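Here is a walk through a structure, from confidence to surface to core. Keep the sequence and the 3D view side by side.

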Amino acid sequence: MLKFPIYLDNHATTPLDPRVLETMMPYFGEHFGNAASRNHSFGWVAEEAVERARKQLASLIGATSKEIVFTSGATESNNLAIKGVAEMYAQKGNHIITAATEHKAVLDTCKRLEKHGCQVTYLPVRTDGLVDLDQLRDAITDKTILVSIMYGNNEIGTVQDIPAIGKLCHEKGVLLHTDATQAVGKIPVNVIQDNIDLLSASAHKMYGPKGVGMLYVRRKSPRVQLTAQMDGGGHERGMRSGTLNVPGIAGLGKAAELCQELMPHEMAEHARMRDHLKDKLMAELDETYVNGTMERRLPHNLNISFAYVEGESLLMGINDIAVSSGSACTSATLEPSYVLKALGAGDDLAHSSIRFGIGRFTTGEEIDYTAGKVIEVVKKLRELSPLYEMVKEGVDLTKVEWAAH
Amino acid sequence: MAYSDKVLDHYNHPRNVGSLDKKDPSVGTGLVGAPECGDVMKLQIKVNPETGVIEDARFKTFGCGSAIASSSLATEMLKGRTVDEALQIKNTEIVNELSLPPVKIHCSVLAEDAIKAAITDYKAKTLDAAPASAQSA
Ligand SMILES: Cc1ncc(COP(=O)(O)O)c(C=O)c1O
Ligand code: FES
C-alpha cells in the first residue's frame, strides 16, 4: 500500500533509521554522562559510546579512530576544515581552490576568507558537472594551501574524481578537503585510496540524527594541523571544544555501521530504481534532459529538466511527492540554482528542473507512482505552456525578443 | 509555500486556457516575461469592434502556480469589460482576490503587464487598420 506523501528528497535529509534511534535512546536517559568526565562510570559509559562511534566511522571511510573529529554537522566541518587550514598554514600561502558547484557551506566560507586576505579560485565545471583536472593543475600556484572539492554533489549527484584530484594535490604538496556529505555511506569512500586529507560528513544525510557530523583530519603523510575555530575545553584533540553530543554521536556511529553493511545492496537497488524512473520519464516525455553526467553519479540521485514547464508549478501538481526544484520560484532569493547555471545549461532549464533523491525506505511502487504522476502533470502543464506551443509551431525561442523584467 | 484555496482552484481548473488567432484584427496578443526569468505569460483578447467589449480572453503561462492562477483570473476579469475598463485593472486586485503572499506579487504584476500588452497590440492593429477603412468609406 502506498503511503502519502512519498518522500523522495533524501539529499535534503534522510529519515532516522529506527535502529539508529534505538542506539541513541539510552544516552538520552540513564547514560547521560559527559564523555569528558574521567572520574566516574557515568563519564566512562559516555566515552565508550563516543569511541565506538569513532571506530564505526573510521571503518566506513578507511581512517583511524584518532582522525575523527565530531562536530555539529557538515556545515561546521566545512568551516573548520577551510578556516582552520587557512589560519594554520597562513605562513605557507593564502590561496584556496574550490569549485562553482560546491555547497554554500564551502562557498560562503571561502568568500569570508577572501575578506580576510585569502585568494580563492572558483573553478568552473564542465557541462557534465565535473571539474577539469587540467584546469585544476593550472590553478595551483606556490601560494596554494588547500583544494576543496566535494565528493558527490547534493543537487546533480555528480561524483568528482577525488582519487585523481587527491593524487594531483599530493604531488603539488597541497592539502585536499572534500565535502563528502552526500557520498559517505552511499558509495565507497576511502581516505587513503582517495588521497583525502580532510573530509566532512553529516549524520542526517545517512539515516542518522540532525545536528551531528564529523571531520576527518589526516594524521600521517601528511599530518594535517588545524587552528581551532571554537575555543574552550580543548575537546577533540583541541580542534573542536564543546561537550560532546553523546546521543547524536552514538547515532552517527550506528548510522555509519548500517551504511557500511547495506552499501552493496543499496547502491545496486537505488541505481536500479533511479534508472527505472529516468527511463519511464524519458520514454513518455519529449524534451527532457538529465542534468549532470550519468557516468559518475550518486546511485540515488536523478536531476532532470522538463523543458517548457516551470519547476514550482510542477511541484504543485505533484504535491503528494516530496522532491525539490532548482527553480527560482522555489528559492527565497528568486534565483535559479547556481549549480545548474554552472553547467551552462541555460537558466530556462534550471527553472524546469526537479531533483529526485531515492533513499533506504523508498519502494518500487513509490517510484512507479511518481513516474506516472510526473508524466501526467508535465503533460498538463505543457498544454498550459506558451513556450511549448511556440516550439511546436517552429518558433526558435532564442530568437524571440523577450520583455525581460 | 502554502497556497490559498483560490490559487489551488485556478491551478487545478485553469479558466480560458488556449490560443486565439493572432492574425485576426480583433484579437490582441500580449506576451510578457522571459524563459530565463522562469515566467512567460501569453494573454489574448478578442474585442467586438463595434462595442469595444472584450468578448473572449485566453491565456497560456509558463511560471509558478501563482503566475498560472493570476493569468487565469485575469482572463475571467477581462471578459465583458470594455478595452478602456480593462486598462484600469490593477495587479493589487489580483493579489487580493488570490491572497498572494509578498514573494508572489510579481506574478500578479506580470498578469497586469500581459493585459496591457494585449490591449496595446489590439489598439496598434486597429490604428493600422484605420486608414484602410477611412479610404473605403
Ligand atoms: C554537500 C553538502 N554539504 C554540507 C551540507 C550541510 O550539512 P549540515 O546540514 O550537516 O550542516 C549539506 C546539506 O545540506 C550538503 O548537502
Ligand atoms: S513565476 Fe516565479 S514566483 Fe511566480
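A patch is built from residues with over 30% relative accessible area and no salt bridge (a side-chain nitrogen of Lys or Arg within 4 Å of a carboxyl oxygen of Asp or Glu); like charges are joined within 9 Å, and nonpolar side chains (Val, Leu, Ile, Met, Phe, Trp, Tyr) within 5 Å. Accessible areas come from the Shrake-Rupley method with a 1.4 Å probe, and for residues only the protein chains shown count as cover.

This is a predicted model, where local features need pLDDT of at least 70, side-chain atom pairs count only at pLDDT 80 or more, and totals for chains, interfaces and linings use all residues. Residues are numbered from 1 along each chain as its sequence is written, chains are lettered from A and ligands numbered from 1 in the order in which they are written, and side-chain values use heavy atoms, leaving out hydrogens and water.

The model scores ipTM 0.92 and pTM 0.94. Chain B has a mean pLDDT (the predictor's confidence in each residue, from 0 to 100) of 92. Residues 133-137 of chain B stay under 50. Where pLDDT is low, the predicted coordinates should not be read in detail.

Now the surface. Leu16(A), Leu21(A), Met25(A) and Phe28(A) form a nonpolar patch with about 380 Å² of accessible area together. Phe28(A) counts as exposed because its relative accessibility is 53% (exposed means over 50%, buried under 20%, partly exposed in between; 1.4 Å probe, protein chains only).

Buried or exposed: which is Ser202(A)? Ser202(A) is buried, because its relative accessibility is 3%. Its contacts (heavy atoms within 4.5 Å) beyond four places in sequence include Gly73(A) and Val212(A).
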